[in-house]
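Work through the two exercises below with the sequence and the model side by side. Each task is followed by a solution in steps.

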Amino acid sequence: RDHDVTADGSARVLTIDSGDVRINCFEPDGTDMRGTIVVGEYDPWLSTFGSGFGVFASRVSKRTLVVWRWMNETAEQDLRYSYLDEDCNLLVSNEVIWSDDYVEFFDAQIDDVGRAMVAYGRGPTHTATIDADGTLTHTEISFDISATYGTHVAMNPSTGAGLVASQGHSGDVIYYQRFDEDFNW
């Protein structure tokens, strides 16, 4: 479903199968570090949606964030994440970021030390910050422009500062809000 690569060429490959969200971590030479690691769960009904799973690896610290949309056939929905250290040990598993909200598209970025910003726009633009040990530290509505599909995060990996951008719909005006290295707006 997704992959990311660190500065030394290590790779993180995200797959899903029979309700399990899985990751494999590869050394720069292609050696699988730990085999397949189950990092969470999803309802197999969701597997028909391609936009629901993402992996984000820190280029320097090699810490890894996995984010996915969890939804079942009765339309209960969460945005969930798992977090792994540089050796692909699971630190946080199947944690809920937001619950009971429709999440079709999301974005995330992770800095060089492993701190992350996650965002999705559906009506308000929602953001969450995750610290370098994988702890969800803060969630909020950053701004409300009746966003639907155009939410993105950009981050300077060495400082952690960046911006969150959203638009009402394709072709509409893009709004953004900047955050500093401490995730203050």
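**Exercise 1.** Determine the handedness of the link between Cys25 and Cys88, and place the pair in the chain.

Solution. The link of Cys25 and Cys88 is left-handed, with -100° about the S-S bond. Cys25 belongs to strand β3 (residues 20-26), while Cys88 sits in the loop between β7 (77-84) and β8 (90-99), so the disulfide ties together parts that are 63 residues apart in sequence. Strands are DSSP runs of E with at least two residues, numbered from the N terminus.

The structure is a predicted model, in which local features need pLDDT of at least 70, side-chain atom pairs count only at pLDDT 80 or more, and totals for chains, interfaces and linings use all residues. Residues are numbered from 1 along each chain as its sequence is written, and side-chain values use heavy atoms, with hydrogens and water left out.

Next, check the bond: the S to S distance from Cys25 to Cys88 is 1.8 Å, and a disulfide is a pair of cysteine sulfur atoms within 2.5 Å. The count by this rule is one disulfide. Finally, both Cys25 and Cys88 are buried (under 20% relative accessible area, 1.4 Å probe, protein chains only).

**Exercise 2.** Describe the sheet that has the order β1-β2-β3-β4.

Solution. The sheet is open, has four strands and pairs them antiparallel. Two strands pair if DSSP finds at least two bridges between them. At the edges stand β1 (2-5) and β4 (37-41), each with a single partner strand, so one side of each has no neighbour in the sheet.

Then take one pair: β2 (residues 11-17) and β3 are joined in the antiparallel sense over seven bridges. Arg12 stands opposite Cys25 in β3, the cysteine whose disulfide partner is Cys88.

Note on methods. Buried means under 20% relative accessible area, exposed over 50%, partly exposed in between (1.4 Å probe, protein chains only).
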